[in-house]
Amino acid sequence: MLLKGKKILVLGIANHRSIAAGIAKVCAEQGAQLALTYLNDRFRKSVEKIAADFEDPLLLPCDVNDDEQVAALFATLQEKWGRLDGLVHSIAFANQDDLKGSFEETSRDGFMLAHNISAYSLPLLANHAKPLMAEHGGAIICMSYLGGERVVSNYNVMGVAKASLEMSAKYLAASLGQHNIRVNIVSPGPIKTLAASGIAGFRGILDEVKERNPLKRNVDPNDVGNVSAFLLSDFSSAVTGETVHVDAGYHILGM
Ligand code: 1JT
């Protein structure tokens with residue numbers, strides 16, 4: 001049991017297909033106690049269903065665009081747990097119109113929205129987690145995508161927001177290291193989730209990636225969960241500011 005007795009907060013479950021749901025499942029199997037957040041009442045039921053599989057989970061609302069909700073979340077964690085060992089950031093959003101066409105047509109509001117939810121939320125959450133982790137240390141992970149490092153057609157403003165998220169994670173790793181808080185990045189290959197369901201041609205992306213990558217397969221939330229459990233565990237005690245690609249090797253390819 002990699003995570004026995006560890007208290008881990010998981011943000012970003014929309015439904016049973018979510019990457020965050022796969023991470024939560026592996027963490028629970030490895031002995032972690034979980035707090036799961038849901039965006040709003042539209043998602044409450046499906047997050048409750050996932051929480052039903054776990055032992056004594058906390059279920060709390062959190063919209064990362066609302067400072068008061070974030071503060072309330074950590075006040076509850078302080079009260080119920082008094083400590084935190086791990087935080088999983090698996091949250092992103094952009095307008096569907098901004099994930100196709102010409103990047104230069106991105107509106108100011110669309111750019112700000114994507115960065116606010118997908119990138120700023122990481123330092124915001126880390127700052128709240130810090131006092132709950134600082135005594136004993138802790139681990140924070142976030143989810144990125146290759147489009148945050150290199151140009152991937154149509155990923156557009158999300159790619160720029162993921163670049164901001166990845167660099168935020170590295171600045172946080174530098175800043176929080178003195179408190180033994182580690183911050184790492186997981187970069188999965190494409191996965192068919194609710195977020196991806198609105199993307200035209202996503203099936204084609206999955207097929208092409210599968211055909212080209214070294215392992216000749218797509219990845220799933222369980223693959224991501226296994227690597228996440230390692231990064232949240234003491235097995236990665238000297239790893240921080242690192243990016244782990246869980247993409248069947250796709251990122252090594254040139255041509
Ligand atoms: C968001 C969405 C973040 C889809 C995302 C995402 N991170 C990865 N994907 C899947 C994806 C999307 C595109 C793509 C490759 C993968 C949807 C809205 C919320 C934020 O292009 C090659 C466009």
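Thr106 is buried, because its relative accessible area is 19% and the cut-off for buried is under 20%. Keep in mind that this is a predicted model. Where does Thr106 sit? Its place is in the loop between β4, residues 86-89, and α4, residues 108-133.

Now its surroundings. A polar atom of the Thr106 side chain lies 2.5 Å from the backbone oxygen of Phe103. Leaving out residues up to four places away in sequence, Thr106 touches Asp98, Phe111 and Val157.

Next, helix α7. The helix runs over residues 202-212. Which of its residues are buried? They are Phe202, Leu206 and Val209. These buried residues cover an arc of only 70° around the axis, so they lie on the same side of α7. Arg203 and Glu211 are exposed, on the other side of α7. And what do the buried residues of α7 pack against? They pack against α6, residues 194-197.

On to the ligand. There are 14 residues around it. Val152, Ser153, Tyr155, Ala195 and Ile205 come nearest. On its own, the ligand has 500 Å² of accessible area, and the protein covers 88% of that.

What about the chemistry of the shell? By class, the shell has twelve nonpolar residues and two polar ones. Charged residues in the shell: none.

One polar pair to look at on the screen. Take Tyr155. A polar atom of the Tyr155 side chain lies 2.7 Å from a nitrogen atom of the ligand.

To recap: Thr106 is buried in a loop, α7 has its buried residues on the same side, and the ligand has no charged residues in its shell.

Terms used. Residues are numbered from 1 along each chain as its sequence is written. This is a predicted model: local features need pLDDT of at least 70, side-chain atom pairs count only at pLDDT 80 or more; totals for chains, interfaces and linings use all residues. Side-chain values use heavy atoms; hydrogens and water are left out. A residue is near a molecule or strand if one of its heavy atoms lies within 4 Å of it. A polar contact is a pair of N or O atoms within 3.5 Å; within protein, one must be able to donate a hydrogen and the other to accept it, and residues adjacent in sequence count only if both atoms are side-chain atoms. Accessible areas come from the Shrake-Rupley method with a 1.4 Å probe; for residues, only the protein chains shown count as cover. Ala, Val, Leu, Ile, Met, Phe, Trp, Tyr, Cys and Pro count as nonpolar, Asp, Glu, Lys and Arg as charged, and the others, Gly among them, as polar. Buried means under 20% relative accessible area, exposed over 50%, partly exposed in between (1.4 Å probe, protein chains only). Helices (H or I, at least four residues) and strands (E, at least two) are DSSP runs, numbered from the N terminus. The arc is that of the directions from the helix axis to the C-beta atoms. Contact means heavy atoms within 4.5 Å.
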